[in-house]
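Q: Hi! I'm new to this one, so could you walk me through it?
A: Happy to. Let's look at it together.

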Amino acid sequence: MPSNNQPFNRPDQTLENAEDLARQVLSLLSQREESLATAESCTAGLIVATLGRIPGASKALLGGLVTYTEEVKQRLLGVTSQSLKSYGVVSEEVAKEMVQGLQACLNPDLALSVTGLAGPGGGTELLPVGTVCFGLLYRGHLCTWTKHFAGDRKQVQADACQELLTRALNSLESV
C-alpha cells in the first residue's frame with residue numbers, strides 16, 4: 001500500500017482498499033454496538049456509499065449528509081458564517097464544525113467529515129486542488145487534519161475516502 005502522501009495508481013484500486021477498510025470499520029462498530037455517520041462535501045457521498053456497499057452495514061451505519069454548499073453546511077450542520085468567512089469552506093475549522101454538527105444531528109458514536117477541493121478547478125496557489133480537510137469525533141475525542149492529494153477529481157475523491165476510513169479504523173483500533 002502506498003504511503004499517505006503518495007497517490008494510488010488507479011482509482012478502482014483505492015476504492016477496493018476503501019471497501020476493505022469500510023468492512024473492518026463496520027465490523028468493529030457492530031461488535032461494539034456503536035454507530036457511524038458521515039458529513040461529506042468534496043466526496044459527494046462516496047464515503048457513505050462505500051460503507052453502504054458492505055452487507056450488514058445497517059447494523060452500524062446511521063447515514064450520511066452530503067452538504068455540498070455553504071448554505072447547506074450552515075443549515076444542516078450548524079457551520080457558522082464566521083468560520084466560512086474567516087477560514088474558508090476548505091479548512092479544518094469547517095471540518096470540525098461539520099463533524100460537531102453531525103454529532104448534534106444524528107448522534108453517532110463515530111462522526112466523520114470531509115471538505116475539500118477535488119477539482120479540476122477552484123484551486124489557488126495557497127489552496128491547491130487536491131487539498132482536503134477531515135474531521136473525526138469518537139468517544140469525545142475530536143481531531144482534524146489536512147491532506148493534499150494528486151490526480152484528477154475521481155482520484156482525489158477516492159484518496160479522501162481511503163484516508164478518512166483509514167483514520168476511522170485507526171481510532172477504533174486504538175481504544
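A: A quick definition before we start: helices and strands here are DSSP runs, numbered from the N terminus, with at least four residues for a helix and at least two for a strand. With that, asparagine 107 can be placed in the loop between α5 (92–106) and β3. Keep in mind that this is a predicted model.

Q: Okay, and is asparagine 107 buried or exposed?
A: Asparagine 107 counts as exposed, because its relative accessibility is 56% and the cut-off for exposed is over 50%.

Q: What about its phi?
A: Asparagine 107 has a positive phi of about 55°, although it is not a glycine. As background, most residues other than glycine have a negative phi.

Q: Which other residue has a positive phi without being a glycine?
A: Alanine 44 is one, with a phi of about 50°. You'll find alanine 44 in the loop between β1 and α2. Alanine 44 has a relative accessible area of 42%, so it is partly exposed.

Q: Switching to peptide bonds: where is there a cis one?
A: Look at glycine 119 and proline 120, which are joined by a cis peptide bond with omega of about 10°. Proline 120 sits in the loop between β3 and β4. In general, most peptide bonds are trans.

Q: Let's go inside. How many residues are in the largest nonpolar core?
A: The largest nonpolar core has 35 residues, and Leu36 and Leu110 have the most contacts inside it. At least two residues of this core come from each of α1 (11–32), α2 (46–52), β3 (110–116), β4 (131–138) and α6 (153–173).

Q: Which of those gives the most?
A: That's α6, which contributes eight residues to this core.

Q: And what does leucine 110 touch?
A: Setting aside residues up to four places away in sequence, leucine 110 touches Val25, Leu29, Ser35, Leu36, Ala37, Leu136, Leu137, Tyr138, Ala168 and Leu172. There is also another core lying apart from the largest one; this other core has 12 residues, among them Ala37, Val79, Val94 and Met98.

Q: I see Ser35 in the leucine 110 list. Where is serine 35 in the fold?
A: Serine 35 is in the loop between α1 and β1 (36–40). Serine 35 has a relative accessible area of 12%, so it is buried. Not counting neighbours within four places in sequence, the contacts of serine 35 are Leu29, Ala60, Leu62, Asn107, Pro108, Asp109 and Leu110. Asn107 is the residue we began with, in the loop between α5 and β3.

Q: Can you show me one residue of helix α6 up close?
A: Let's take leucine 164, which lies in helix α6. Leucine 164 counts as buried because its relative accessibility is 0%. Beyond residues up to four places away in sequence, leucine 164 touches Ile47, Leu112, Ser113, Val114, Phe134, Gly135 and Trp145.

Q: How far is leucine 164 from arginine 153?
A: Their C-alpha atoms are separated by 17 Å, and the two residues are 11 residues apart along the chain.

Q: New topic: how many aromatic pairs are there?
A: A search of the whole structure finds two. One is a stacked pair of phenylalanine 134 and tryptophan 145, with 5.1 Å centre to centre and 15° between the planes. This pair links distant parts of the chain, as phenylalanine 134 is in strand β4 and tryptophan 145, 11 residues apart from it, is in strand β5 (residues 141–148). Both phenylalanine 134 and tryptophan 145 are buried.

Q: And the other pair?
A: Phenylalanine 134 also pairs with phenylalanine 149, this time edge-to-face, at 6.4 Å centre to centre and 90° between the planes. Phenylalanine 134 lies in strand β4 and phenylalanine 149 in the loop between β5 and α6, so this pair ties together parts that are 15 residues apart in sequence. Phenylalanine 149 is buried, with a relative accessible area of 11%. Through these ring pairs, Phe134, Trp145 and Phe149 are linked into a cluster.

Q: Last one: what volume does the largest pocket have?
A: The largest pocket has a volume of about 210 Å³. Its lining has 17 residues, and the closest to the pocket centre are Val89, Val90, Gly116, Leu117 and Ala118. By class, the lining has eight nonpolar, seven polar and two charged residues.

Conventions: Residues numbered from 1 in each chain as written. Predicted model: local features only at pLDDT ≥ 70, side-chain atom pairs only at ≥ 80, totals over all residues. Heavy atoms only, no water. Core = buried A, V, L, I, M, F, W, Y, C linked by side-chain atoms within 4.5 Å. Buried < 20%, exposed > 50% of the residue type's maximum accessible area, 1.4 Å probe, protein only. Contact = heavy atoms within 4.5 Å. 1 Å grid on protein atoms, 1.4 Å probe; cavity = no way out; pocket = protein on both sides within 12 Å on 5 of 7 lines; lining within 4 Å. Points joined across faces, edges and corners; volume = space filled by probe spheres on them. Nonpolar A, V, L, I, M, F, W, Y, C, P; charged D, E, K, R; others polar. Phe/Tyr/Trp six-rings, centres within 6.5 Å; stacked < 30°, edge-to-face > 60°.
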